[in-house]
Amino acid sequence: DEALVTFLLPSLAPAMIAGLDGSSNHVIAVTRDSVTVGVVPEISRRALNDRVTRLRCQVAVSDPGCGKAGAQGLRGAMFDEDDQPTTGFDDTLALTLYADLFAPVAPAIAGREHLIVVPPSDLLRLPFAALAVTPADPGQPPDWMIRHHAISVLPSVGSLRALRQQRPAPKGAER
């Protein structure tokens, strides 16, 4: 009941490549039964990385890369003590990142309990659990991705194979 999601982000400029109509960036979802490839609408990898950095700075408890980007007083404070959303979190950014990165393969991952995400290095910093699947209703928190899937992030597809080939430790033994 899981899906592996990875990305191909060459960010080729459509005007520079004959026959390329739109984004060359793709998201790939692999399940036991299928492989689904969707187009990531964002053409520029730099623009995508800038959006990832903005969202990261809003939720990171400690991230020296955020500097004085306006996030210092907001880090980790997405809800107040009454579980109401704070005005500092950009749920529209969380929603558009989900729409760009996961919506193209949404049918393939729908109902999957576990997502194994293998992002390229610049998306590795993205807090996938903090992406919003649907728009927030006024006064309500967004529908977070973590409410739909357990999420594991791996550095490479090959690392999944290595993890799956490990033998469990004998009962009572330490690793």
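Here are some notes on the fold, the largest pocket and two buried residues of this predicted model.

1. Ground rules. Numbering starts at 1 along each chain as its sequence is written, and side-chain values use heavy atoms, with hydrogens and water left out. Since we're looking at a predicted model, local features need pLDDT of at least 70 and side-chain atom pairs count only at pLDDT 80 or more, while totals for chains, interfaces and linings use all residues.

2. Overall layout. The chain has four helices and seven strands, taken as DSSP runs numbered from the N terminus (helices H or I, at least four residues; strands E, at least two). Along the sequence they go β-β-β-α-α-α-β-β-β-β-α.

3. Burial and surface. Of the 175 residues, 35% are buried (under 20% relative accessible area, with over 50% called exposed and anything in between partly exposed; 1.4 Å probe, protein chains only). About 10,200 Å² of the chain is exposed, and carbon and sulfur atoms supply 54% of that; the areas come from the Shrake-Rupley method with a 1.4 Å probe.

4. Contacts. Take contacts (heavy atoms within 4.5 Å) between residues at least 6 apart in sequence: 59% of them join residues at least 24 apart.

5. Leu-48. This one sits in helix α1, residues 45-59, and counts as buried because its relative accessibility is 1%. Beyond its neighbours within four places in sequence, Leu-48 touches Leu-9, Glu-42, Leu-97, Leu-101 and Leu-123. Leu-123 is 75 residues away along the chain, yet the two C-alpha atoms are 8.6 Å apart.

6. The largest pocket. It holds about 220 Å³ of space. A pocket here is an open set of points on a 1 Å grid over the protein atoms alone, where a 1.4 Å probe fits, with protein on both sides within 12 Å along at least five of seven lines; lining residues have an atom within 4 Å of a point. The volume is the space filled by probe spheres set on the points, which are joined across faces, edges and corners.

7. Its lining. β1 (2-8) and α4 (157-165) each give two or more residues, with β1 giving the largest share, three. By class there are five nonpolar, one polar and six charged residues (Ala, Val, Leu, Ile, Met, Phe, Trp, Tyr, Cys and Pro are nonpolar; Asp, Glu, Lys and Arg charged; the others, Gly among them, polar).

8. Thr-31. Among the lining residues is Thr-31, in the loop between β2 (26-30) and β3 (35-39). Thr-31 is buried, at 9% relative accessible area. Outside its neighbours within four places, Thr-31 contacts Glu-2, Ala-3, Ala-108 and Arg-112; the pocket lining also includes Glu-2, Ala-3 and Arg-112.
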